[in-house]
Amino acid sequence: MDSRNEEGIASLQSILSNTEVIHIYGAGLNSERPAHTAVGELRDRGWAVAPLHPRDAGATINGFPIRPELEDGIVPEVVVLFLAPERARAVVRNLIIRFEREEFPLVWFQIGAEDEQSRQALLEMDVPFVEHDCLVRFTE
């Protein structure tokens with residue numbers, strides 16, 4: 001999905017306006033990291049946020065509990081990846097194993113998290129994803 005053209009922008013705005021919870025991989029306690037600050041910025045724009053970080057699980061960011069991973073039974077609507085490409089690939093692989101196309105979340109690769117293998121897999125599944133853009137900037 002291209003967040004740089006009118007059709008892509010309208011589609012993303014529709015998905016995001018109907019999203020209640022945004023899952024953020026890589027959102028931990030380090031307040032200097034963009035994933036940490038994104039939690040508060042997205043909360044201020046009206047979303048509930050589910051931070052995911054294996055080391056910092058059990059703590060909170062802006063009142064949202066940090067989870068070690070995506071919990072069983074949860075079907076995310078939007079997954080944002082603030083991860084290195086290799087870690088992003090592992091998350092995408094896990095999402096592909098867990099979810100059918102009909103319930104697959106929008107995957108947002110924050111700048112620097114892009115991974116060609118993940119991109120190809122998501123294209124083959126024909127599911128929405130965004131790369132080369134920042135979710136926080138997009139929602140301003």
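Start by selecting I61, which sits in strand 3 (residues 60-61). Helices (H or I, at least four residues) and strands (E, at least two) here are DSSP runs, numbered from the N terminus. What you have open is a predicted model, in which local features need pLDDT of at least 70, side-chain atom pairs count only at pLDDT 80 or more, and totals for chains, interfaces and linings use all residues. Residues are numbered from 1 along each chain as its sequence is written, and side-chain values use heavy atoms, with hydrogens and water left out.

**Stop 1: around I61**

Is I61 buried or exposed? With 1% relative accessibility, I61 is buried. (Buried means under 20% relative accessible area, exposed means over 50%, and partly exposed is in between, using a 1.4 Å probe and protein chains only.) Now show what I61 touches: skipping residues up to four places away in sequence, you should find A27, G28, H36, V39, P51 and I66. Contact means heavy atoms within 4.5 Å. Pick V39 from that set and check the C-alpha atoms: I61 and V39 are 7.1 Å apart in space and 22 residues apart in sequence.

**Stop 2: V49 and strand 2**

From I61, jump to V49, 12 residues away along the chain, with 9.3 Å between the two C-alpha atoms. V49 belongs to strand 2, and V49 is buried too, at 4% relative accessible area. Strand 2 as a whole is mostly covered, with 4 of its 5 residues buried. Leave out V49's neighbours within four places in sequence, and its contacts are V21, I22, I24, V39, L42, R43 and F64.

Next, bring strand 1 into view. Strands 1 and 2 run parallel and are joined by 5 bridges; two strands pair if DSSP finds at least two bridges between them. For one such partnership, select Y25 and L52, the latter being Y25's bridge partner in strand 2. Follow the chain from strand 1 through helix 2 to strand 2 and you trace a right-handed β-α-β crossover. Right-handed means that, with the strands pointing away from you, the path from the first strand over the helix to the second runs clockwise.

**Stop 3: the nonpolar cores**

Select I22, I24, L42, V80 and W108. In the largest nonpolar core, which has 24 residues, these touch the most other members. Helix 1 (6-17), strand 1 (21-25), helix 2, strand 5 (78-81), strand 6 and helix 5 each give two or more residues to this core. Which element gives the most? That's helix 2, with 4 residues. A nonpolar core, by the way, is a set of buried Ala, Val, Leu, Ile, Met, Phe, Trp, Tyr and Cys residues joined through side-chain atoms within 4.5 Å.

Zoom in on I22: beyond its neighbours within four places in sequence, I22 is in contact with L42, W47, A48, V49, A50, V78, V80 and L135. Apart from this core lies another one, of 18 residues, including L83, V92, F104 and F109.

**Stop 4: E114 in its loop**

Now select E114, in the loop between strand 6 and helix 4. Its side chain reaches two backbone nitrogens: that of G112 at 2.8 Å and that of H132 at 3.0 Å. These are polar contacts (a pair of N or O atoms within 3.5 Å; within protein, one must be able to donate a hydrogen and the other to accept it, and residues adjacent in sequence count only if both atoms are side-chain atoms). Not counting neighbours within four places in sequence, E114 is in contact with P85, F109, E131 and H132.

**Stop 5: salt bridges**

How many salt bridges does the whole structure hold? A search finds 7. A salt bridge is a side-chain nitrogen of Lys or Arg within 4 Å of a carboxyl oxygen of Asp or Glu.

Try D115 and R89, whose side chains meet at 2.6 Å, N to O. D115 is in the loop between strand 6 (106-109) and helix 4 (116-125), while R89 is in helix 3 (residues 85-98), so this pair ties together parts 26 residues apart in sequence. D115 is buried at 7%, and R89 is partly exposed at 21%.

Another one to select is R45 with E140, at 3.8 Å, N to O. R45 lies in the loop between helix 2 (34-44) and strand 2 (48-52), and E140 in the segment after helix 5 (135-138), so the parts tied together are 95 residues apart in sequence. R45 is partly exposed, at 32%, whereas E140 is exposed, at 68%.

Finish at R43 and D44, where the closest N and O atoms of the salt bridge are 2.7 Å apart. Here R43 is partly exposed at 33%, and D44 is exposed at 57%.
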